[in-house]
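User: Please take me through this model by question and answer. I would like the cut-offs stated as we go.

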Amino acid sequence: MSTESDQKVVIVGGCGHVGLPLGLVLASRGKLVTLLDIDRGKVQQVNSGCMPFKEEGAEELLQKLIGKSLSATLDVACLRRADVVITVVGTPVDKHLNPTVAELYRSVDKLLEQMRDDSLLILRSTVYPGVTKLVYERLQMLGRQIHLAFCPERIAEGKALKELVELPQIVSAFGAEAAYRAERLFLAITKSVIALAPLEAELAKLFTNSWRYINFAVSNQFYMLARSYGLDFFRLHDAVTRDYPRMRSFAKPGFAAGPCLLKDTLQLSAFASNNFFLGHAAMLINEGLPNFIVEQLRPLDLPVRCVAILGMAFKGDSDDPRESLSYKLRKLLEVQAKEVLCSDPFVSDPSLVPLAKAVNQADIIVLGVPHSLYRDLTFPAEKTVVDVWGFWRERMLEADAERLRKRPVEVHL
Ligand SMILES: NC(=O)c1ccc[n+]([C@@H]2O[C@H](COP(=O)([O-])OP(=O)(O)OC[C@H]3O[C@@H](n4cnc5c(N)ncnc54)[C@H](O)[C@@H]3O)[C@@H](O)[C@H]2O)c1
């Protein structure tokens, strides 16, 4: 057994959005970290010091650590030497929107074949409630002496390095030794841990994501309501939040998308035997926002218009297009408009076009996600701009005022 300072940690799914930042932070705190992954391309990229996705500050750190306290591999043999194995493989819902418990369960079984007794297994993927207990029972049935913990990841992509060291870590485990070891590991990177029982921790993670998803749905619903009456939602948002602390959590509207929020709301719903009305309502609202945009554009004679969507990632300044609602909007517009051109400076997708082409050719421009580098864009006055995020609002108001100032004075006799 290694000491805490030269602990060997293997992260399964280590080249992904959760695994790689965690590996970087652990390696920077003296752990010997191996990133185990099945994606050959990503493993090669990481070993050559390049990040496979955008993450603030990560590439610099990767170049410092790779080949020293950090390496990536396809070879499961690394599991045999590990003191700690952390699994962060994806836990998507299936095509019928049900949780995929069996897959995670099977993938853990493969890890157990390689892991040695007295090591610690940490589940870090967001799991369907009860999965940690199932894995614990499996360990007992197999007569294995492997310690088991569930410590859910709570970072937001893009801010992972900062959040991993700043946010408290939720730690849950079966048995005191597992809890102690998991706590010690996370106290090497963050100041505080919060102890919960495994089922509590599983629910805490799902509550977090579902709450965010519902919170965004409230704003999106209010946005659609105000717009349906021709009102400027952002005037209302400003009026009810300004110097009024009780409305601090009133989010701005926008696409609530990505690989986590919807699927975790669905996991919680499945756990609640589908009696999760708030979650279902949030899903209808958030997934309905692209449809609302199309409805609002219909009077503009879409069949003869070219529409551009700027920003195809699931959120601003990200290169991750997983479950992006900009793609849903594109699908809807493709059957309504003459042409749809999509652009994103970060997303790698051969169907996208350069920004200038999208802007020049479009009659209507829809902001898919607010990337910072779109901030200073300006558009000719004859183009219709749709910005549900309120990202360009100040400038659009100024441009409207300018147009009004320049309008020839009408003289009525
Ligand atoms: N992305 C986020 O911001 C975030 C935040 C908190 C929690 N989570 C949760 O973390 C989990 C992982 O999400 P992610 O965004 O990192 O996914 P991801 O797809 O970016 O990463 C998963 C990685 O696992 C690898 N992988 C898949 N099967 C494997 C296997 N059998 N052995 C080894 N590697 C394997 C993939 O190649 C990929 O590199 C999910 O449960 C997700 O809900 C994600």
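The turns below cover the basis of the model, its nonpolar cores, the ligand site and two single residues.

User: What pLDDT do local features need in this model?
Analyst: Residues are numbered from 1 along each chain as its sequence is written, and side-chain values use heavy atoms, with hydrogens and water left out. The model is predicted; side-chain atom pairs count only at pLDDT 80 or more, totals for chains, interfaces and linings use all residues, and local features need pLDDT of at least 70.

User: Which residues touch the most other members of the largest nonpolar core?
Analyst: A nonpolar core is a set of buried Ala, Val, Leu, Ile, Met, Phe, Trp, Tyr and Cys residues joined through side-chain atoms within 4.5 Å, where buried means under 20% relative accessible area with a 1.4 Å probe and protein chains only. The largest such core has 63 residues, and those touching the most other members are Leu310 and Leu333.

User: Which residues does Leu333 contact beyond four places in sequence?
Analyst: Contact here means heavy atoms within 4.5 Å. With neighbours within four places left aside, the partners of Leu333 are Val294, Leu297, Leu302, Val307, Ile309 and Val340.

User: Which residues closest to the ligand are found among those that surround it?
Analyst: A residue counts as near the ligand if one of its heavy atoms lies within 4 Å of it. On that basis 24 residues surround the ligand, and the closest are His17, Asp37, Lys42, Thr91 and Lys263.

User: How far is an oxygen atom of the ligand from an N or O atom in the side chain of Lys263?
Analyst: A polar contact is a pair of N or O atoms within 3.5 Å. Backbone atoms also take part: a polar one of Val18 is 2.9 Å from a ligand oxygen, and an N or O of Thr126 is 3.1 Å from a ligand oxygen. For the side chain of Lys263, the distance is 2.6 Å.

User: Which backbone nitrogen lies 2.9 Å from a polar atom of the side chain of Asp319?
Analyst: Asp319 sits in the loop between β9 (306-310) and α12 (325-334). Beyond four places in sequence, Asp319 touches Phe53, Lys54, Ala313, Phe346 and Val347. The backbone nitrogen at 2.9 Å from its side chain belongs to Lys54.

User: Is Gln114 buried or exposed?
Analyst: Gln114 is in helix α4 (residues 101-114), and its side chain makes a polar contact of 3.0 Å with that of Arg80. Because its relative accessibility is 19%, Gln114 counts as buried.

Conventions:
Buried < 20%, exposed > 50% of the residue type's maximum accessible area, 1.4 Å probe, protein only. Polar contact = N/O pair within 3.5 Å; in protein donor to acceptor, adjacent residues only side chain to side chain. Helix = DSSP H or I, 4+ residues; strand = E, 2+ residues; numbered from the N terminus.
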